[in-house]
Amino acid sequence: MKIVAAIITRVYSVAVVVFGAMGLSYPSVAATISQDEITVYKTVLASWFDGRPQQQLVDYHLAAPPSAADPALLECTKALHFAGNSPPDQNQKSLVGADFEGSGVTLIDGSRWNPNDPGRAIANGELVGAAVNDGIAHSLISFSQIAFSDDGKDALVKFSMVCGHLCGTGSTIHLHKSETEWKVINRCSGWIS
């Protein structure tokens, strides 16, 4: 195990030097994402795509976790108990290094993403359907860190999909873990643009 950790550290150090020399930034090492957290993110993506894996850009930056004390979430969180509810440092965790193998996910730095904005395409004469489909095909999905209930059987995570200036949707998602899997129970506090 020590050898693997040493190799990972060395590879990361070389990448930082190479990327730095090229004038590029490389994400800093973040706290490890647990397998349960990755499974929650994959479950949300599967629900978004009706269970069919698709190519999708996902921002590796994670926003602060939702708070069960948020008035907009009260209907979703009543009878649930969440530990602490004080949001940790937003930079504490990221999806860098998370294994989304087989899900079609490409992790990117969302701050460098540029949309294929349907509004701009329509203004340039493209048909509405084609412009919207192209915008969604190049959309960016973002997540928050996950707030787990005290017993670890419920989770809240913020989800958003943005495909342009006035093109996107999002919500806070409540998931529950049965003996075998995580399932989406409710979408709370949603928005659409």
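Residues count as buried under 20% relative accessible area, as exposed over 50%, and as partly exposed in between (1.4 Å probe, protein chains only). The model examined here is predicted, with local features needing pLDDT of at least 70 and side-chain atom pairs counting only at pLDDT 80 or more, while totals for chains, interfaces and linings use all residues. Residues are numbered from 1 along each chain as its sequence is written, and side-chain values use heavy atoms, with hydrogens and water left out.

Strand 5 is a convenient place to begin. Helices (H or I, at least four residues) and strands (E, at least two) are DSSP runs, numbered from the N terminus. Strand 5 covers residues 154-164, and nine of its 11 residues are buried, leaving the strand mostly covered. Its pairings come next, where two strands pair if DSSP finds at least two bridges between them. With strand 6 (residues 167-177), strand 5 runs antiparallel and shares 10 bridges. Here lysine 158 faces threonine 172 of strand 6, and the two strands form a hairpin with two residues between them. Strand 3 (residues 140-144) is also antiparallel to strand 5, and four bridges join the two. In that pairing, phenylalanine 143 has phenylalanine 159 of strand 5 as its bridge partner. Strand 4 (residues 147-148) is joined to strand 5 by two bridges, again in an antiparallel arrangement, and phenylalanine 148 stands opposite alanine 155. Strands 4 and 5 form a hairpin too, with five residues between them; in the turn, glycine 152 has a positive phi of about 75°.

Several of these residues return in the aromatic pairs. Rings of Phe, Tyr and Trp (its six-membered ring) pair if their centres lie within 6.5 Å; planes under 30 degrees apart count as stacked, over 60 as edge-to-face and the rest as tilted. By this rule the model has four aromatic pairs. The ring centres of phenylalanine 143 and phenylalanine 159 are 5.9 Å apart with their planes at 55°, so this pair is tilted. It links distant parts of the chain, with phenylalanine 143 in strand 3 and phenylalanine 159 in strand 5, 16 residues apart. Both phenylalanine 143 and phenylalanine 159 are buried. A further tilted pair is formed by phenylalanine 148 and tryptophan 182, at 5.9 Å centre to centre and 55° between the planes. Phenylalanine 148 belongs to strand 4 and tryptophan 182 to strand 7 (residues 182-192), so this pair ties together parts that are 34 residues apart in sequence. Phenylalanine 148 is partly exposed because its relative accessible area is 24%, whereas tryptophan 182, at 4%, is buried. Ring pairs also link Tyr41, Trp48, Phe143 and Phe159 into a cluster.

Serine 144, likewise in strand 3, offers a polar counterpart to this picture. Its relative accessible area is 0%, so serine 144 is buried. A polar contact is a pair of N or O atoms within 3.5 Å; within protein, one must be able to donate a hydrogen and the other to accept it, and residues adjacent in sequence count only if both atoms are side-chain atoms. A polar atom of the serine 144 side chain lies 2.8 Å from the backbone nitrogen of lysine 158. Under the broader contact criterion (heavy atoms within 4.5 Å), and not counting residues up to four places away in sequence, serine 144 touches Tyr41, Leu62, Ala63, Ala64, Pro65, Pro66, Val157 and Lys158.

Charged side chains complete the survey. Side chains of opposite charge can pair when their charged atoms come close. A salt bridge is a side-chain nitrogen of Lys or Arg within 4 Å of a carboxyl oxygen of Asp or Glu, and the structure holds five of them. One of these joins aspartate 36 and lysine 177, whose closest N and O atoms are 3.1 Å apart. Aspartate 36 lies in helix 2 (residues 35-48) and lysine 177 in strand 6, so the bridge ties together parts that are 141 residues apart in sequence. Aspartate 36 is partly exposed at 25% relative accessibility, and lysine 177 is partly exposed at 30%. Glutamate 75 and lysine 78 form another salt bridge, with the closest N and O atoms 3.0 Å apart, and both residues, glutamate 75 and lysine 78, are exposed. Arginine 112 and aspartate 109 also meet through their side chains in a salt bridge (3.5 Å, N to O). In this case arginine 112 is exposed, at 53% relative accessibility, while aspartate 109 is buried, with a relative accessible area of 15%.
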